[in-house]
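Reader: I should like to learn how to read the features of a protein model, one at a time. Where would you begin?

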Amino acid sequence: MLPLDPQADPGRRAWVPCPRCDDARACGPCADRRTCPDHWRYLLTNTGSLLHLQCPGCTHVWVHETGFGATRSRWDRPTGTLRNL
């Protein structure tokens, strides 16, 4: 298990499902795509529509393309998770 990133700040949050632990699967607010007080992720950094996130539960770090605003072409989009972290 990774430690929390030094950039992890509860004031910068995102509500994106964690691809590793799937802790929000049985949560009503998450299923309705509403902000949930329990299943948020640390928003470490962002570059345009690309978010770098960390789950506070399992500490998994990954990249999420929101597709909102100035997005990358489909050839420039990252797939999977960050490696070697």
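Author: Let us begin with a single residue: T59 is found in the loop between strand 3 and strand 4. Please keep in mind that the model is predicted.

Reader: How does one judge whether T59 is buried or exposed?

Author: The general idea is a cut-off on relative accessible area: buried means under 20%, and exposed means over 50%. T59 has a relative accessible area of 7%, and therefore counts as buried.

Reader: What is notable about the phi of T59?

Author: The value is positive, near 60°, and T59 is a residue other than glycine. R33 has a positive phi as well, of about 60°, and R33 is not a glycine either.

Reader: Where does R33 lie, and is R33 buried or exposed?

Author: R33 lies in the loop between helix 1, residues 28-31, and strand 2. Its relative accessibility is 79%, so R33 counts as exposed.

Reader: Which other residue should I examine in the loop between strand 3 and strand 4?

Author: Consider C58, in the loop that runs between strand 3 (50-54) and strand 4 (61-65). C58 is buried because its relative accessible area is 15%, and buried means under 20%.

Reader: How far apart are C58 and C18?

Author: Here one reads two separations, along the sequence and in space. C58 and C18 are 40 residues apart in sequence, while their C-alpha atoms are 8.9 Å apart.

Reader: What does the side chain of R41 reach?

Author: To read a polar contact, one looks for the two atoms and the distance between them. The side chain of R41 reaches the backbone oxygen of V16 at 2.9 Å. R41 belongs to strand 2, residues 41-47, and its relative accessibility of 1% is why R41 counts as buried.

Reader: V16 interests me; which residues lie nearest the centre of the largest pocket?

Author: A pocket is read through its lining and its volume. V16 is one of the residues nearest the centre, together with W15, P17, C30 and R33, in a lining of 16 residues. By type, the lining comprises eight nonpolar, three polar and five charged residues. The volume of the largest pocket is about 370 Å³.

Reader: How many helices and strands does the protein have, and what pattern do they follow?

Author: For the overall fold, one reads the elements in sequence order. The protein has one helix and four strands, arranged as β-α-β-β-β along the sequence. Of its 85 residues, 31% are buried.

Key: Residues numbered from 1 in each chain as written. Predicted model: local features only at pLDDT ≥ 70, side-chain atom pairs only at ≥ 80, totals over all residues. Heavy atoms only, no water. Helix = DSSP H or I, 4+ residues; strand = E, 2+ residues; numbered from the N terminus. Buried < 20%, exposed > 50% of the residue type's maximum accessible area, 1.4 Å probe, protein only. Polar contact = N/O pair within 3.5 Å; in protein donor to acceptor, adjacent residues only side chain to side chain. 1 Å grid on protein atoms, 1.4 Å probe; cavity = no way out; pocket = protein on both sides within 12 Å on 5 of 7 lines; lining within 4 Å. Points joined across faces, edges and corners; volume = space filled by probe spheres on them. Nonpolar A, V, L, I, M, F, W, Y, C, P; charged D, E, K, R; others polar.
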